[in-house]
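Work through the exercises below with the model open. Each one sets a task and then solves it step by step.

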Amino acid sequence: QVQLVESGGGLVQAGGSLRLSCAASGGTFTIYTMGWFRQTPGKEREFVSALRWIGGYTAYADSVKGRFTISRDNAKNTVNLQMNSLKPEDTAVYYCAAVRGALGTYRLANAHEYGYWGQGTQVTVSS
């Protein structure tokens, strides 16, 4: 059974940084696509970033490009999201997601493509 556990959320001032981690277990993650999504009350889950474990291809939402970096640690089976220059509008619950296989480029941002989800971690950016 695939399990994803996020950590690293918290409260930070605008302009600050946070690093989220997603610890994955129960699967052979070298053949998975991993994603980060975020959600605020009353809104749809929003794509943030994704990574194909094989090859390391990455993708980002326009709103976070240049500020966020997704990476993987093969030895620890973790996917990290380094978030710099945080803005109040980045405030949300951040979710780690996974799907078996290498998603095509145009499917990476679709939350419905991902079959496994973590419980979420709150990120709050104060102005």
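## Exercise 1: The nonpolar core

The largest nonpolar core holds 38 residues, and Leu4, Met34, Trp36, Leu81, Met83 and Tyr94 touch the most other members. Such a core is a set of buried Ala, Val, Leu, Ile, Met, Phe, Trp, Tyr and Cys residues joined through side-chain atoms within 4.5 Å. Buried means under 20% relative accessible area, exposed over 50%, and partly exposed in between (1.4 Å probe, protein chains only).

The model is predicted: local features need pLDDT of at least 70, side-chain atom pairs count only at pLDDT 80 or more, and totals for chains, interfaces and linings use all residues. Residues are numbered from 1 along each chain as its sequence is written, and side-chain values use heavy atoms, with hydrogens and water left out.

**Task.** Find which strands each supply at least two residues of this core.

**Solution.**
- Step 1. Fix the elements. Strands (E, at least two residues) and helices (H or I, at least four) are DSSP runs, numbered from the N terminus.
- Step 2. List the suppliers. They are S3 (18-25), S4 (32-39), S5 (46-52), S7 (68-73), S8 (78-83), S9 (92-100) and S11 (121-126).
- Step 3. Pick the top one. S9 gives the most to this core, with 6 residues.

## Exercise 2: The disulfide

**Task.** Locate the disulfide and describe its geometry.

**Solution.**
- Step 1. Search for cysteine sulfur atoms within 2.5 Å of each other, the cut-off for a disulfide. The whole structure yields 1 disulfide.
- Step 2. Name the partners. Cys22 is joined to Cys96, with S to S at 2.0 Å.
- Step 3. Place the two ends. The pair links distant parts of the chain: Cys22 sits in strand S3 and Cys96 in strand S9, 74 residues apart.
- Step 4. Read the torsion. It is -75° about the S-S bond of Cys22 and Cys96, a left-handed link.
- Step 5. Check burial. Cys22 and Cys96 are both buried.

## Exercise 3: Salt bridges

**Task.** Count the salt bridges, then trace the network that contains Arg38.

**Solution.**
- Step 1. Apply the rule: a side-chain nitrogen of Lys or Arg within 4 Å of a carboxyl oxygen of Asp or Glu. The count comes to 5 salt bridges.
- Step 2. Start at Arg38. Its bridge to Glu46 has closest N and O atoms 2.9 Å apart. Arg38 is buried at 6% relative accessibility, while Glu46 is partly exposed at 34%.
- Step 3. Turn to Arg67. Its side chain meets that of Asp90 in a salt bridge of 2.7 Å, N to O. This pair links distant parts of the chain: Arg67 is in the loop between S6 (58-60) and S7, Asp90 in the loop between S8 and S9, 23 residues apart.
- Step 4. Check burial. Arg67 is buried at 10%, and Asp90 is buried at 1%.
- Step 5. Join the pieces. Salt bridges that share partners connect Arg38, Glu46, Arg67 and Asp90 into one network.
- Step 6. Add another bridge from the count. Asp62 pairs with Lys65, the closest N and O atoms being 3.1 Å apart. Asp62 is exposed, at 67% relative accessibility.

## Exercise 4: A buried charge

**Task.** Arg52 is buried yet has no salt bridge. Find what its side chain meets.

**Solution.**
- Step 1. Place the residue. Arg52 belongs to strand S5.
- Step 2. Look for an opposite charge (Lys and Arg count as positive, Asp and Glu as negative; His and the chain ends are not counted). The nearest such side chain to Arg52 is Glu113, 11 Å away.
- Step 3. Look for polar partners. A polar atom of the Arg52 side chain lies 2.6 Å from the backbone oxygen of Leu103.
- Step 4. List the contacts (heavy atoms within 4.5 Å). Leaving aside neighbours within four places in sequence, Arg52 is in contact with Tyr32, Thr33, Tyr57, Ala102, Leu103, Gly104 and Thr105.

## Exercise 5: Positive phi

**Task.** Examine the backbone at Asn77 and Ser85, where phi is positive.

**Solution.**
- Step 1. Take Asn77. Its phi is about 55°, although it is not a glycine. Asn77 lies in the loop between S7 and S8 and is partly exposed at 24%.
- Step 2. Take Ser85. Its phi is near 50°, and Ser85 is also a residue other than glycine. Ser85 lies in the loop between S8 and S9 and is partly exposed at 40%.

Definitions and conventions:
A polar contact is a pair of N or O atoms within 3.5 Å; within protein, one must be able to donate a hydrogen and the other to accept it, and residues adjacent in sequence count only if both atoms are side-chain atoms.
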